[in-house]
Amino acid sequence: MKEAVIQVVTAAIGSLGFSIYFRVREKNVIASMAGGAIGWVVYLVLFYFTSDLFVSNFVAAFVVFVWAEIMARILKAPSNTYLIPGIIPLIPGGSLYYTMKGVVDGNQALFAESGKNTIFVTFGMAAGMVVAAVVFHYIIKVKVIRKRKSK
């Protein structure tokens with residue numbers, strides 16, 4: 001449990017660092033940090049129960065995307081202000097490093113295992129954001145149609 005709390009705090013700090021790097025306005029920094037922490041909590045919980053990298057990253061990226069869209073509307077800022085710093089903790093830095101280490105060292109087993117993990121994480125993140133974008137776009141479209149019909 002203590003390790004999970006440290007990971008969530010570190011994810012929030014990582015999101016803070018990228019919020020500063022991308023010059024996110026002060027009023028939006030907390031929401032950007034929260035997106036990173038929420039995404040990592042979702043990832044940890046799902047990975048604990050499923051041990052599936054793809055599903056864990058898919059759902060975590062989906063949640064971060066939805067968080068970014070909601071915060072964009074509440075705080076009147078572009079959704080990228082919350083999406084980019086929020087998605088940073090999910091990037092597969094460790095497995096990408098070991099994939100490249102396997103290539104450089106000629107260790108095919110390390111390359112294959114780490115490469116597979118990198119691909120699962122990356123495609124999970126991408127698919128989660130795409131599905132969230134489609135769902136969110138559809139919801140907005142339905143709202144617009146209902147609003148037109150009510151006039």
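Helices and strands here are DSSP runs, with at least four residues for a helix and at least two for a strand, numbered from the N terminus. The model is predicted.

## Exercise 1. The overall fold

Task: Find how many helices and strands the protein has, and state their order.

Solution.
- Step 1. Count the elements. The protein has six helices and zero strands.
- Step 2. Read along the sequence. The pattern is α-α-α-α-α-α.
- Step 3. Box the C-alpha atoms along the principal axes. The box is roughly 65 × 30 × 30 Å.
- Step 4. Check burial. Of the 151 residues, 35% are buried.
- Step 5. Check the reach of the contacts. Take those with a separation of 6 or more: 64% of them join residues 24 or more positions apart.

## Exercise 2. H5 against H6

Task: Classify the packing of H5 and H6 from their angle, then describe the contact.

Solution.
- Step 1. Locate the helices. H5 covers residues 93-105 and H6 covers residues 108-150.
- Step 2. Take the geometry. The angle is about 150°, and the axes are 8 Å apart.
- Step 3. Apply the cut-off. Angles over 145 degrees count as roughly antiparallel. H5 and H6 are therefore roughly antiparallel.
- Step 4. Add the hand. H5 and H6 cross in a left-handed sense.
- Step 5. List the residues. H5 contributes Ser95, Leu96, Tyr98, Thr99, Lys101, Gly102 and Val103. H6 contributes Leu110, Phe111, Ser114, Gly115, Asn117 and Thr118.
- Step 6. Sort them by class. The contact of H5 with H6 has five nonpolar, seven polar and one charged.
- Step 7. Zoom in on one residue. Ser95 sits in helix H5. Ser95 has a relative accessible area of 18%, so Ser95 is buried. Beyond four places in sequence, Ser95 contacts Ser114, Asn117 and Thr118.

## Exercise 3. Two partners of H4

Task: Work out how H4 packs with H2 and with H3, and give the class make-up of each contact.

Solution.
- Step 1. Start with H2. The angle between H2 and H4 is about 40°, with the axes 7 Å apart. That makes H2 oblique to H4.
- Step 2. Give the hand. The crossing of H2 and H4 is right-handed.
- Step 3. Name the residues. On H2 they are Asn28, Ala31, Ser32, Gly35 and Gly36. On H4 they are Thr81, Tyr82, Pro85 and Gly86.
- Step 4. Sort them. This contact of H2 with H4 holds three nonpolar, six polar and no charged residues.
- Step 5. Turn to H3. The axes of H3 and H4 come within 8 Å, crossing at roughly 150°. H3 and H4 are therefore roughly antiparallel.
- Step 6. Give the hand again. H3 and H4 make a right-handed crossing.
- Step 7. Name the residues. H3 brings Ala61, Val64, Phe65, Ala68, Met71, Ala72 and Leu75. H4 brings Tyr82, Leu83, Gly86 and Ile87.
- Step 8. Sort them. The contact of H3 with H4 has 10 nonpolar, one polar and no charged residues.

## Exercise 4. The nonpolar core

Task: Describe the largest nonpolar core, and state which helix gives the largest share of this core.

Solution.
- Step 1. Size it. The largest nonpolar core has 28 residues.
- Step 2. Pick out the residues with the most contacts inside the core. They are Trp40, Tyr43, Tyr82, Ile87, Leu90 and Met125.
- Step 3. Trace the sources. The elements giving two or more residues to this core are H1 (2-21), H2 (26-50), H3 (53-75), H4 (80-87) and H6.
- Step 4. Find the top contributor. H3 gives the largest share, eight residues.
- Step 5. Follow Tyr43. Outside four places in sequence, Tyr43 touches Leu53, Ser56, Asn57, Ala60 and Leu90.

## Exercise 5. Buried, partly exposed or exposed?

Task: Assign Val42 and Thr10 to a burial class from their relative accessibility.

Solution.
- Step 1. Set the cut-offs. Buried is under 20%, exposed is over 50%, and partly exposed lies in between.
- Step 2. Place Val42. This residue lies in helix H2. At 17%, Val42 counts as buried.
- Step 3. Look around Val42. Apart from neighbours within four places, Val42 contacts Val59, Ala60 and Val63. Val42 and Phe62 are 20 residues apart along the chain, with C-alpha atoms separated by 9.9 Å.
- Step 4. Place Thr10. This residue is in helix H1. At 48%, Thr10 is partly exposed.
- Step 5. Add a distance. Thr10 and Trp40 are 30 residues apart in sequence, and 9.6 Å apart C-alpha to C-alpha.

Key
Residues are numbered from 1 along each chain as its sequence is written. This is a predicted model: local features need pLDDT of at least 70, side-chain atom pairs count only at pLDDT 80 or more; totals for chains, interfaces and linings use all residues. Side-chain values use heavy atoms; hydrogens and water are left out. Axes are lines fitted to C-alpha atoms, for helices over the stretch in contact, and angles run from 0 to 180 degrees between N-to-C directions. Angles under 35 degrees count as roughly parallel, over 145 as roughly antiparallel, 65 to 115 as roughly perpendicular and the rest as oblique. A crossing is left-handed if the near helix is turned anticlockwise from the far one by less than a right angle, and right-handed if clockwise. Contact means heavy atoms within 4.5 Å. Ala, Val, Leu, Ile, Met, Phe, Trp, Tyr, Cys and Pro count as nonpolar, Asp, Glu, Lys and Arg as charged, and the others, Gly among them, as polar. A nonpolar core is a set of buried Ala, Val, Leu, Ile, Met, Phe, Trp, Tyr and Cys residues joined through side-chain atoms within 4.5 Å. Buried means under 20% relative accessible area, exposed over 50%, partly exposed in between (1.4 Å probe, protein chains only).
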